[in-house]
Amino acid sequence: MKALVTRLDSFGDVLLAGPAVRAVAARADHVTLLCGPRGAPAARLLPGVDEILVWDAPWGGFEPPDVSREDIDALAERIDADTALVLTSFHQSPLPTALVLRLAGVRYIAADSVDYPGSLLDLRHRRAPHAHEVEAALDLAEAAGFPRPDDGRLRVHPPPRTDDLTGPGPYVVLHPGASVPARAWSPERSAEAVRELAAAGHRVLVTGGPDERGLTAYVAGTHGTDLGGRTEAPELSGVLAGASVVVTGNTAPAHLAAAVGTPVVSLFAPVVPAERWRPYGVPYVLLGDQDAPCADSRARECPVPGHPCLTTVTGTDVAAAVEKLLGEA
């Protein structure tokens, strides 16, 4: 059986699809993962994936491309699968993707859908109302004939050694950035947390992408080590795997930390529900006002002046959360 799994949005979303991908891989002869450009680096980390197709869908992402019949036809020509799972977030429709898969000749297509799918889906599944994204994907896979073959936790390929980046001895990672501004802790609070953690005796490494070097330099200051722009996805997985605790917002490194088994202090803005997006399968502490006025708004920019759901969290709060997780370990 040739199977295809689609998850067309971001890095973190693709990581959360990993357990369902492994469930499919346990029964299929060949697994293709269809993902978007932002999710491709995560797709390369997932066990069970034999082939990756990268496609920028007109119905996904923050800046989707225009609809192009030539582009859709080219994708349909590349798809070679008998069975497909269309994985989406709870607020997304799988039907545009299902139409492309049907045009590509996929015979059996399964997805969660609240909309009537006509002949686009062979299995119209209903997700549990409060299911975590990982659990929802696993439930769909099982309904389509792919029961979970393991504990269902997040996993990635074994990370590379990163001693040259981290240096010797224990450390805590703080990742201050986020792809969505409404989910990011302020630079000032992040720098405060680095100082508090350093005062408590921790070595603090500050991570970020190439476009976040200014942010990471500011946050690290003279009390932390700035790794901004120095870690591609495999190296970042190694840095997070070696950490005692990772401090980050609701963004990809929270899920990557969970995938390598590291506890997470999650600075969680409630613009999306924590029950669906919190760190999965590892010890965690959730910080942030989950009842703030922005709750469930899915806002990309904070709609409340001052971003109070996160700015009320202090560096001292984070240092206490880190100590709590270390004590539990």
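User: Taking buried as under 20% relative accessible area, exposed as over 50% and partly exposed as in between, with a 1.4 Å probe and protein chains only, how much of the protein counts as buried?

Analyst: Of the 329 residues in the protein, 54% count as buried. Please keep in mind that this is a predicted model, in which local features need pLDDT of at least 70 and side-chain atom pairs count only at 80 or more, while totals for chains, interfaces and linings use all residues. Residues are numbered from 1 along each chain as its sequence is written, and side-chain values use heavy atoms, without hydrogens or water.

User: And what are the overall dimensions?

Analyst: Along the principal axes, the C-alpha atoms of the protein fill a box of roughly 60 × 40 × 35 Å. Among contacts (heavy atoms within 4.5 Å) with a separation of 6 or more, 62% are between residues 24 or more positions apart.

User: How many helices and strands?

Analyst: The protein has 14 helices and 12 strands, both being DSSP runs numbered from the N terminus (H or I over at least four residues for helices, E over at least two for strands).

User: I'm looking at α8, what is its span?

Analyst: Helix α8 covers residues 187-199, and its 13 residues reach 18 Å from the first C-alpha to the last, which is close to the 18 Å expected at 1.5 Å a residue, where the expectation multiplies 1.5 Å by one less than the number of residues.

User: Which of its residues are buried, and what covers them?

Analyst: The buried residues of α8 are Ser190, Ala191, Glu192, Ala193, Val194 and Leu197, so a charged-type name such as Glu192 is on that list together with Leu197. Their cover includes the strands β7 (172-175) and β8 (204-206), as well as the helices α9 (213-220) and α14 (315-328).

User: What follows that helix?

Analyst: α8 is followed by Gly201, which has a positive phi near 100°.

User: Different topic: which residues other than glycine have a positive phi?

Analyst: Asp296 is one of them, with a phi of about 65°, and His307 is another, with a phi near 50°.

User: Where are they?

Analyst: Asp296 is in the loop between β12 (284-287) and α13 (308-311), and His307 is also placed in the loop between β12 and α13.

User: Buried or exposed, for Asp296 and for His307?

Analyst: Asp296 counts as exposed because its relative accessibility is 53%, whereas His307, at 13% relative accessibility, counts as buried.
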